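Please open the model in your viewer with the backbone drawn as a cartoon, and keep the selection panel at hand. The stops below are meant to be followed in order.

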Amino acid sequence: MGNESFFSAPQLKRDPLGGCDLTAYGGPLDPVLLFLAWGAFIGGGTLYVRRAQIVTEKRRRFRLYAHVSFGVFVLVLALNLPALFVLLLLPGLVAMDLLTIRSARFCDRVGHVVIEVPWRPPILRCPECGAPVH
Ligand SMILES: [Zn+2]
């Protein structure tokens with residue numbers, strides 16, 4: 001009884017206001033865990049897009065995946081950077097999201113995904129199998 005209070009009392013009484021709770025809330029997440037989660041997210045999204053059997057479905061899934069990854073990216077930025085900075089970046093990020101979706105083409109045959117580069121001539125045929133892309 002005497003020993004117990006000797007060990008626990010000082011910690012309980014110590015500084016109830018100015019505790020450093022940064023590790024419990026809002027602290028940096030484990031980078032390895034983040035990296036694994038990000039990899040799983042990209043792998044899962046790519047699989048999800050690839051599994052689509054027809055081009056229209058593939059395009060729909062690709063658009064969904066682009067929006068979701070864009071949302072996650074903004075969320076990660078918002079958690080790690082000042083809000084004003086993220087707000088300033090937002091128009092550029094939205095433009096990137098839309099550009100990615102606009103420049104994605106899908107091949108008729110096996111369903112390769114071709115990303116057009118805006119400043120280069122449009123890609124009309126799949127570079128891998130030669131089928132028309134849409
Ligand atoms: Zn192809």
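How many of the 20 residues of helix 2 count as buried? Before answering, bear in mind that the model is predicted, and begin by colouring the chain by secondary structure, which should show four helices and two strands, arranged from the N terminus on as α-α-α-α-β-β. Burial is scarce across the chain, since 6% of its 134 residues count as buried, while residues 24 or more positions apart supply 35% of the contacts that have a separation of 6 or more.

**Helix 2**

Select residues 31-50, which make up helix 2, and take the distance from the first C-alpha to the last, which comes to 28 Å, close to the 28 Å expected at 1.5 Å a residue. The answer to the opening question is one: helix 2 is hardly covered, with a buried count of one among its 20 residues.

**Val49**

Now select Val49, which lies in helix 2, and display its surroundings. Val49 is buried, because 22 other C-beta atoms lie within 10 Å, and the cut-off for that label is 20 or more. If neighbours within four places in sequence are left aside, the contacts of Val49 are with Lys58, Arg61, Phe62, Tyr65 and Val113. A distance label between the C-alpha atoms of Val49 and Arg59, which are ten residues apart along the chain, should read 8.0 Å.

**Helix 3 against helix 4**

Next, select residues 55-80, which form helix 3, together with helix 4, and look at how the two axes come within 10 Å and cross at roughly 165°. Helix 3 is therefore roughly antiparallel to helix 4, as angles over 145 degrees are counted that way. To see the contact itself, show Arg63, Ala66, His67, Phe70, Val74, Leu77 and Ala78 on helix 3, and Ala83, Val86, Leu89, Leu93, Asp97, Thr100 and Ile101 on helix 4. The crossing of these two helices is right-handed. When reading the spacing along such a list, recall that an α-helix has 3.6 residues a turn, so residues three or four places apart point the same way.

**Helix 4 alone**

Finally, hide everything except residues 83-102, the 20 residues of helix 4, whose span from first C-alpha to last is 28 Å, close to the 28 Å expected at 1.5 Å a residue. Where does helix 4 bend? Centre the view on Leu90, where the bend is about 40°, and note that a proline, Pro91, follows within four residues. Helix 4 is hardly covered, and its count of buried residues is zero.

How values were computed
Residues numbered from 1 in each chain as written. Predicted model: local features only at pLDDT ≥ 70, side-chain atom pairs only at ≥ 80, totals over all residues. Expected span 1.5 Å × (residues − 1). Bend = angle between axes of the 7 residues up to and from the residue. Buried ≥ 20, exposed ≤ 12 C-beta atoms within 10 Å, placed from the backbone. Contact = placed C-beta atoms within 7 Å. Axes fitted to C-alpha atoms, helices over the stretch in contact; angles between N-to-C directions. Parallel < 35°, antiparallel > 145°, perpendicular 65-115°, else oblique. Left-handed = near helix turned anticlockwise from the far one by under 90°.
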